[in-house]
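Colleague: Please take one part of this model and describe it closely, working outward to whatever it is connected with. A plain account is enough.

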Amino acid sequence: DAVPLYRQQKIFDRLGIELSRAVMSQWMVKAARSCAGLLDLLRNEIRGGTLINIDESPFQVLKEPGRKNTTKSYMWVYRGGPPDRPVLLYQYQRTRSGKTALEFLTDYKGYIQTDDFSGYDHLDQKPGIVHLGCWAHARRKFVKVATVRKKHRSKRVNPKSLADQALDYIGKLYKIEKQARR
């Protein structure tokens, strides 16, 4: 339920159970170590498909040894495997370095879909990998251009800009994708 340990400790206190955060934290570490084999299986399952989606999101870890509370950490998310049974894997990293994705993809051949973060640029150079962009991210750029153009458009100018046309095409692709999912 995504309940932090300090809240869990209060819940247990109300139930009359004395359970420290340190003990719960130790349990979490032991559970994670016990899951190492499972994580390897998930990684292999993701890499067994023909398409892997990758994204990274920043977050802060409080009281992490050797780091300030203001330091960003990253949760990397990988999605792949068989299309009818996709697998997701979340991986904590202290860095946003593109080496993280490269290590995950060792010996992988197939399609990789990411946003336009420069850390993924090296994937284009890797033999056997076709690096795909993300329509949602590309669409945002066209929305921005179309919005600015509409603000400054005179009545004599063609109302449909190239950005508007691109948005129409992307909308048609989204409809095709929606139908394909049914």
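Modeller: D107 is exposed, because its relative accessible area of 66% is over the 50% cut-off. The model is a predicted one, and everything below is to be read as computed from it. D107 is not a glycine, yet its phi is positive, at about 65°. The loop that holds D107 runs between α4 (99-104) and β4 (110-113). That loop leads to the part I will describe closely, namely strand β4 and the sheet to which it belongs.

I112 lies in β4. In contrast to D107, which is exposed at 66%, I112 is buried, with a relative accessible area of 0%. Leaving aside residues up to four places away in sequence, I112 touches L51, I52, I54, L105, L123, I129, V130, H131 and L132. Several of these belong to strands: L51, I52 and I54 fall within β1 (51-60), and I129, V130, H131 and L132 fall within β5 (129-132). One further distance involves I112: its C-alpha lies 11 Å from that of I46, a residue 66 places away in sequence.

The strand pairing accounts for both neighbours of β4. On one side, β4 pairs with β1 in the parallel sense over 3 bridges, and Y111 of β4 is the bridge partner of L51. On the other side, β4 runs parallel to β5, and 4 bridges join the two. Within that pairing, G110 has I129 of β5 as its bridge partner. In general, the strands of a sheet pair through backbone hydrogen bonds, in either the parallel or the antiparallel sense.

The sheet as a whole has 5 strands in the order β3-β2-β1-β4-β5; it is open, and its pairing is mixed. The edges are taken by β3 (87-93) and β5, each of which has a single partner strand, so one side of each is left without a neighbour in the sheet. From one strand to the next the twist averages 25°.

Beyond β1, the sense of pairing is antiparallel. β1 and β2 run antiparallel and are joined by 8 bridges; there, E56 has W76 of β2 as its bridge partner. W76 also stands opposite Q91 in β3, so to speak of W76 is to speak of both pairings of β2. The pairing of β2 (residues 72-80) with β3 is antiparallel as well, over 7 bridges. G80 of β2 stands opposite V87 in β3. These two strands form a hairpin with 6 residues between them, and in its turn G81 has a positive phi of about 90°.

One helix lies across this end of the sheet. Helix α3 (residues 36-47) crosses over β1, β2 and β3, and runs at about 120° to β3. I46, which was paired above with I112 at 11 Å, falls within the residue range of α3.

Two helix pairs complete the account. Helix α1 (residues 5-14) packs with helix α2 (residues 21-34) at an angle of about 120°, the axes being 9 Å apart. At that angle α1 counts as oblique to α2. The crossing of α1 with α2 is right-handed. On the α1 side the contact is made by L5, Y6, Q8, Q9 and F12, and on the α2 side by R21, M24, S25 and M28. By class, these residues comprise 5 nonpolar, 3 polar and 1 charged.

The other pair is helix α5 (residues 135-152) with helix α6 (residues 162-181), whose axes come within 9 Å and cross at roughly 145°. This crossing is left-handed. W135, A136, R139, F142, V143, V145, A146 and K150 make the contact from α5, and A163, D164, A166, L167, I170, L173, Y174 and E177 make it from α6. The residues in this contact divide into 12 nonpolar, no polar and 4 charged. A166, found in α6, counts as buried at 14% relative accessibility. Its C-alpha is separated by 32 Å from that of I46, which is 120 residues away along the chain.

Definitions and conventions:
Residues are numbered from 1 along each chain as its sequence is written. This is a predicted model: local features need pLDDT of at least 70, side-chain atom pairs count only at pLDDT 80 or more; totals for chains, interfaces and linings use all residues. Side-chain values use heavy atoms; hydrogens and water are left out. Axes are lines fitted to C-alpha atoms, for helices over the stretch in contact, and angles run from 0 to 180 degrees between N-to-C directions. A crossing is left-handed if the near helix is turned anticlockwise from the far one by less than a right angle, and right-handed if clockwise. Contact means heavy atoms within 4.5 Å. Ala, Val, Leu, Ile, Met, Phe, Trp, Tyr, Cys and Pro count as nonpolar, Asp, Glu, Lys and Arg as charged, and the others, Gly among them, as polar. Angles under 35 degrees count as roughly parallel, over 145 as roughly antiparallel, 65 to 115 as roughly perpendicular and the rest as oblique. Buried means under 20% relative accessible area, exposed over 50%, partly exposed in between (1.4 Å probe, protein chains only).
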